[in-house]
Amino acid sequence: MDGPRCLRPHAQLLARAVARPATTARRGRLGSKTPVRRKSGPYGYTQAKALVYSRHGEPADALKLHTHSISPSIPSSSVLVRTLAAPINPADINTVQGTYGAKQPLTSLIGTAEPSAVPGTGRPRQRQPVLRAGLGMRPLDVGSGQWFIQNGANSGVGRAAIQFGRLWGLRSINVVRDRETTAETDALKRELVALGANVVVTESQFLSREWRDRLADITRGGREQVGLGLNCVGGKSATALARSLGDGAAMVSYGGMARQPVALPVGLLIFNDIRFVGFWLSRWNQQDPTGRRHMVDDILSLIRDGKFKDVPVEEIKWDWDTQEATLRDAVQNGLQGFRKGKGLFVFGDT
């Protein structure tokens with residue numbers, strides 16, 4: 001899309017789409033109409049499309065494909081940006097549904113991870129990685145071989161945690177949902193182990209009575225305690241995660257995809273001194289923009305060096321003629337399980 005970000009009242013932009021000049025028809029020699037690309041209006045405005053909504057609901061019902069015009073002239077203080085792609089994040093879907101924790105007005109913009117091309121940008125500076133503990137918790141020591149455990153291990157965050165754990169000399173226990181077949185489950189386990197996972201278990205194994213004995217085997221009878229838990233699910237999975245932690249450990253919740261409350265045994269608070277904290281990336285981005293920039297630079301550097309792999313994606317091509325139903329369904333399916341990868345709108349040339 002070529003043009004600045006703009007919104008109409010009571011409409012919220014989910015993904016900035018491709019922009020193109022309007023087309024008019026020109027009659028040929030045999031009376032046929034040949035489309036001619038022209039700018040719309042007498043001042044050369046450019047047409048663009050976006051998915052918007054004016055009420056909360058399921059994406060398949062609430063999202064509409066909206067066409068709007070972009071002025072050919074922008075203020076000197078503005079930057080013209082062409083959006084290349086836009087991921088379909090669970091938080092974006094929850095915002096459309098009206099179930100996200102932070103209620104946004106219908107005139108605001110959602111979507112936080114869109115690659116864009118900006119003319120005239122310089123080469124990013126490189127910086128050495130720094131590990132900081134920004135939460136009220138006991139940090140894990142880099143290179144110590146300490147254990148951490150996480151649910152949602154196949155998610156983008158889960159895969160990143162596995163790889164950072166490997167790079168930082170930590171060991172991970174990873175919980176994934178059972179696939180439809182044993183072969184599919186085993187294939188996923190092998191994929192995560194290849195990224196650096198030390199242990200991968202299914203949710204059925206994790207919630208079973210045998211898990212305590214399995215955990216004791218993993219941690220040498222509890223002599224190697226689990227110092228950190230990462231929770232993005234909630235419900236029974238979060239409770240089992242908390243019960244797997246050692247004394248003085250911390251459980252960080254950054255999501256609740258099960259949409260179930262987290263039940264925490266009071267004994268873990270009193271006798272095990274376990275800390276329960278939350279993490280919201282959007283707030284951290286606002287509070288520490290410099291840290292965010294350094295984080296992005298560090299990750300990009302690791303990717304360039306072949307030390308970090310991004311999450312698999314399932315591309316949804318968005319051209320000017322792509323139907324509204326196709327785009328709505330792609331967003332609606334963003335919360336469905338067992339996808340090939342994270343949904344990603346890729347905007348085509350027009």
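Guide: Before we start: helices (H or I, at least four residues) and strands (E, at least two) are DSSP runs, numbered from the N terminus. By that numbering, Ile274 sits in the loop between helix 8 (266-270) and strand 14 (275-278). Keep in mind that this is a predicted model.

Visitor: How many helices and strands are there in the chain?

Guide: The chain has eleven helices and 16 strands. Of its 350 residues, 40% are buried.

Visitor: Back to that loop, then. Why does Ile274 count as buried?

Guide: Buried means under 20% relative accessible area. Ile274 comes in at 3%, so the label applies.

Visitor: And what is Ile274 in contact with?

Guide: Contact means heavy atoms within 4.5 Å. Skipping neighbours within four places in sequence, Ile274 has Ala242, Leu245, Gly246, Ala249, Leu268 and Leu269 as contacts. The C-alpha atoms of Ile274 and Gly227 are 9.4 Å apart, with their positions 47 residues apart in sequence.

Visitor: Leu245 came up there. What else does Leu245 touch?

Guide: Beyond residues up to four places away in sequence, its list includes Ile149, Val226, Leu228, Gly229, Ala250 and Met251, along with Ile274. Leu245 is also among the residues with the most contacts inside the largest nonpolar core, as are Ile149, Ile173, Phe206, Trp211 and Val226.

Visitor: What makes a set of residues a nonpolar core?

Guide: The members have to be buried residues of the Ala, Val, Leu, Ile, Met, Phe, Trp, Tyr and Cys kinds, joined through side-chain atoms within 4.5 Å. The largest such set here has 20 residues. Strand 9, strand 10 (171-176), strand 11 (199-202), helix 6 and helix 7 each give two or more residues to this core, and the largest share, four residues, is from helix 7. There's a second, separate core of 15 residues, with Ala62, Val96, Phe345 and Phe347 among them.

Visitor: Now a polar side chain. Why is Gln150 called buried?

Guide: Its relative accessibility is 0%. The cut-off is under 20%, so Gln150 qualifies. Gln150 belongs to strand 9 (residues 147-150).

Visitor: How do you know that the side chains of Gln150 and Asn174 are joined by a polar contact?

Guide: A polar contact needs a pair of N or O atoms within 3.5 Å, one able to donate a hydrogen and the other to accept it. Gln150 and Asn174 are joined at 2.8 Å, so the distance passes. The Gln150 side chain also reaches the backbone oxygen of Gly158, at 3.0 Å. Contacts of Gln150 further along the sequence include Val157, Ile162, Val175, Leu230 and Leu241.

Visitor: One more of these: what makes Thr219 count as buried?

Guide: Thr219 has 4% relative accessibility, which is under the 20% limit, so "buried" it is. Thr219 lies in the loop between helix 6 and strand 12 (226-231), and is in contact with Trp147, Glu224 and Val226, leaving aside neighbours within four places.

Visitor: What volume does the second largest pocket have?

Guide: About 480 Å³. Among its 21 lining residues, Trp211, Arg212, Leu215, Arg243 and Ser244 are the closest to the centre. Helix 6 (211-218) and helix 7 (235-243) are the elements that give two or more residues to the lining.

Visitor: How do the residues of that lining divide into nonpolar, polar and charged?

Guide: Eight are nonpolar, eight polar and five charged. Arg is classed as charged, so Arg212 and Arg243 fall in that group.

How values were computed
Residues numbered from 1 in each chain as written. Predicted model: local features only at pLDDT ≥ 70, side-chain atom pairs only at ≥ 80, totals over all residues. Heavy atoms only, no water. 1 Å grid on protein atoms, 1.4 Å probe; cavity = no way out; pocket = protein on both sides within 12 Å on 5 of 7 lines; lining within 4 Å. Points joined across faces, edges and corners; volume = space filled by probe spheres on them. Buried < 20%, exposed > 50% of the residue type's maximum accessible area, 1.4 Å probe, protein only.
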